[in-house]
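Please look over the two chains shown here, with an eye to their helices and to the places where the backbone does something less usual. The paragraphs after the display begin with one helix and its surroundings, and then turn to other parts of the model.

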Amino acid sequence: MPGFAKPHFAEKLYARLVTPELERWVASIPKPVGSYGYDPWGYNEDRFKLALGVAKWLYDRYFRVTAHGLEHVPKTGRLLVVANHSGQLPMDGVLLGVALATNPHGPRLARAMIERFFPTVPWIGNYLNALGGVIGDPLNCSKMLELEEAIIVFPEGVRGSGKLYKHRYQLQRFGAGFMHLAMNHQAPIVPVGIVGCEETMPAIANLRPLARWLGLPYLPVAPPVPLPARVVLNFGAPRSFAPAASEAEVNERVEEVKAQIRALIDAGLKQRKSVF
Amino acid sequence: MAVASEQRKKTVLVTGAAGSLARRVIGRLHGPYRVIAVDFRQKVETDAGIPSYRVEYHKRGFEDIFLAHPIDAVIHIGRFFPHEKTRDLRYNANVLGTKHLLDLARKYGVGQVLIHSTYFVYGASPYNPALLDEDAPLKASEVTQDLVDAVEVESLANIYLWKYPQLNITILRPCNVLGPGVRNSMSLLLSRRLAPVLVGFAPLMQFLHVEDMAAAIECAFQGNRPGIYNVAPEDYVPYPQAVEECGCRKLPIPSIPPSLPRAISRTLNWNAFFPPYLVNYFKYPVILDGRLFRTTFGWKPKRTLNDIFSYYRKQKLALASP
C-alpha cells in the first residue's frame with residue numbers, strides 16, 4: 001500500500017534523528033514553556049528536537065566536530081557564550097548550539113541572535129524562533145538573561161561571518177554590547193574559539209552592490225553548500241565582570257575577551273590535524 | 001443604620017456597561033460599592049440598585065451624571081472598537097470622550113480613574129522584542145491610522161496621570177480578551193467557522209478569559225496603585241494553533257506582497273474580524289510582559305488557554321447540532 005509507505009519512512013527518519021539519547025538531553029534541559037510548549041520568543045520543544053537531530057548528524061558525521069573545555073560551561077544560570085564568527089552561513093552558531101545542548105556535563109539550550117530581517121520572511125522567521133533563535137535586540141537579551149537563559153553572541157557580527165577567505169582567523173572589530181549585558185546582568189562570559197568554519201565556505205569575493213540591492217548583509221562568491229571541513233571548538237573558563245567606570249574600561253575588557261578567544265583559536269589550529 | 005452604611009459606600013461609575021467585560025466588573029463591584037452603569041450604545045438593563053444611563057462621553061449631557069451622583073471613582077472600559085463607526089466618529093467618542101471624562105473627574109473631585117486600554121498600542125512590528133515592558137514605545141500609529149485613537153487615549157491618560165496625581169490614574173493594557181459575550185475583533189474571528197491565517201506566519205499570541213480580566217480590573221481598582229500595567233498571562237500560543245483549538249478551519253491568505261492580505265480583507269469586507277489595519281498583528285507577535293501587574297496586585301489568571309478555547313469549540317458544536 002503506497003499510502004502507508006510515506007509515514008513509515010518519515011517515522012523511521014524521525015526515530016533515526018531524534019534518538020532516545022537526544023530525547024533525554026532535551027528533557028534534562030531546564031526550560032519553562034507554556035501549556036502549548038512555547039516560550040515567549042516562540043521556542044518550541046518538538047521542533048527543537050527534530051532540528052537538533054539533524055544538526056547533531058551534521059555535527060558528528062559531516063563536520064566531525066571535536067569540542068574541548070565543555071566542563072567550563074555553567075550548568076545553570078544566566079550565561080553569555082561569546083565566540084568568533086566565520087563561514088558566511090551561521091553554521092558556527094548551529095554547531096555551538098549542538099555542543100551546548102548535548103554537553104555531557106549538563107546540556108543547555110543556547111539562544112542564538114538572528115538578523116532583524118528574518119521575522120519578515122515567511123516560514124523561516126517562525127522556524128528560527130521555534131529552534132530558539134531570537135532577533136538580536138538588547139531588550140530580548142536582557143529579558144533572557146533575567147530568566148537565567150544562555151545566549152550565544154558573535155560580537156563581530158556580519159563583519160566576521162562575511163569576511164573573505166584571505167582574512168580567515170583574523171578577528172574583526174568586536175561590538176561592546178555583549179560586555180554591557182554581562183556587566184548589567186552579572187552574567188558570566190564563556191569565550192569560545194571556533195576553528196574550521198572558515199574553511200566550510202571560503203569566499204573569494206563579496207558582491208556588495210548585488211547584496212545591497214537584495215537587502216542582504218553580504219553576498220559571497222563561494223561554494224554553494226558548506227564544505228565538510230573538520231571543526232574544533234575550544235571553550236574557555238567563564239569570567240565575570242563588575243560594572244565598569246567608563247566606556248574606555250568597557251573597551252579594554254572587550255579586548256581582553258577578544259585576546260582570550262584569539263588564544264583559544266590558536267589552540268584549536270594546533271589541535272587540528274587536517275582541514276578536511 | 002443600613003442607610004448610613006449605604007451612604008458611606010464609594011460610588012463607582014463604569015463605562016461601556018453593555019459589554020461583556022463591564023457587566024462582569026459591575027457584577028463584582030455591586031454590593032461593596034454603589035455602581036453607576038453608563039454606555040454610549042444603549043441604556044443597559046441592570047440589577048436593582050444600579051442606575052443606568054445612555055450617554056455620549058464627548059457630549060455635554062455626560063456632566064449631568066456627575067451632578068446627580070457623588071462619584072468617587074471611574075472605571076473607563078467603554079469605547080468604540082476599531083470596527084465600529086468611522087475613524088472620525090471613533091476619534092470623537094474615544095479620544096474626546098476620554099478627555100471629557102477626565103476633565104469631569106477633575107472638576108468633581110473623583111479620586112480614582114482606571115482606564116482600560118489595549119495591547120494594540122504597541123504596534124505589531126517585526127522588530128518588536130518579546131515581553132514588551134510598559135515603557136516600550138507605542139508604535140501602533142506607525143502601522144496604521146486606524147489605531148491612532150487607541151494611542152491618543154493613552155497619551156491623554158498619561159498627561160493627566162502626571163499632571164493631576166489626585167486622579168490616581170491606572171492604565172491597563174490587556175492582551176487579547178476572549179470569552180462569552182466578548183465582541184472584539186479577535187473574539188468575533190474565533191467564533192467563525194473559517195478563520196483567515198497568513199501563509200508562512202504564525203505569530204505567538206496571549207489570551208485572557210474575560211472573567212480573569214474582570215478580576216484584574218477589580219484587583220487594580222481595589223489596590224489603587226496608579227501607573228501603567230500590561231495584563232497578560234505567562235502562556236503563549238501561535239495564532240494558527242489557537243484557530244485550530246477554537247474549532248475553526250484555517251483559510252490560508254497569501255502574505256506576500258504585504259499589501260495583498262490588506263486588499264483581500266478590504267475587498268471581502270472583513271472589517272469586523274480581520275480588518276486590514278490589524279493584518280500585521282496576525283503576522284508579527286506582540287508579547288507583553290505582565291509581571292509588573294501580577295506582582296503589584298497579586299493577581300493571576302485562573303483559566304488556562306484550553307479553558308478559553310473550549311468555549312469557542314463548544315459554541316461551534318452547539319451551533320452544529322440540530
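The buried residues of H4(B) pack against strand S4 (73-76), strand S5 (112-116) and helix H6 (148-163) of chain B, where helices (H or I, at least four residues) and strands (E, at least two) are DSSP runs numbered from the N terminus, and where two residues are in contact if their C-beta atoms, placed from the backbone, lie within 7 Å. This is a predicted model, in which local features need pLDDT of at least 70 and side-chain atom pairs count only at pLDDT 80 or more, while totals for chains, interfaces and linings use all residues. Residues are numbered from 1 along each chain as its sequence is written, and chains are lettered from A and ligands numbered from 1 in the order in which they are written.

Helix H4 of chain B covers residues 87-107, and its 21 residues reach 29 Å from the first C-alpha to the last, close to the 30 Å expected at 1.5 Å a residue (the expected span being 1.5 Å times one less than the number of residues). H4(B) nevertheless bends by about 30° at Gly97(B), the bend being the angle between axes fitted to the seven residues ending there and the seven starting there. Gly97(B) is also among the buried residues of H4(B), which include Arg90(B), Asn94(B), Leu101(B) and Ala105(B); a residue is buried if 20 or more other C-beta atoms lie within 10 Å of its own, exposed if 12 or fewer, and partly exposed in between, with C-beta atoms placed from the backbone. An α-helix has 3.6 residues a turn, so residues three or four places apart point the same way. After H4(B) comes Gly109(B), whose phi is positive, near 65°.

How are H4(B) and H6(B) arranged relative to each other? They pack at an angle of about 10°, with their axes 9 Å apart, the axes being lines fitted to C-alpha atoms, for helices over the stretch in contact, and the angles running from 0 to 180 degrees between N-to-C directions. The two helices are therefore roughly parallel, since angles under 35 degrees count as roughly parallel, over 145 as roughly antiparallel, 65 to 115 as roughly perpendicular and the rest as oblique. Among the residues that meet are Arg90(B), Asn94(B) and Leu102(B) in H4(B) and Asp149(B), Glu152(B) and Leu156(B) in H6(B). The residues of this contact divide into 7 nonpolar, 2 polar and 4 charged, where Ala, Val, Leu, Ile, Met, Phe, Trp, Tyr, Cys and Pro count as nonpolar, Asp, Glu, Lys and Arg as charged, and the others, Gly among them, as polar.

In chain A, helix H3 (residues 45-62) and helix H4 (residues 91-101) pack at an angle of about 100°, with their axes 10 Å apart, which makes H3(A) roughly perpendicular to H4(A). Leu52(A), Ala55(A), Lys56(A) and Tyr59(A) of H3(A) make the contact with Val94(A), Leu95(A), Val98(A) and Ala101(A) of H4(A), giving 7 nonpolar, no polar and 1 charged residues.

Some backbone details remain. Trp123(A) has a positive phi of about 65° although it is not a glycine, and Trp123(A) counts as exposed, with 12 C-beta neighbours inside 10 Å. Asn269(B), likewise not a glycine, has a positive phi of about 55°, and with 8 C-beta neighbours inside 10 Å Asn269(B) counts as exposed. A cis peptide bond, with omega about -10°, joins Ile256(B) and Pro257(B).
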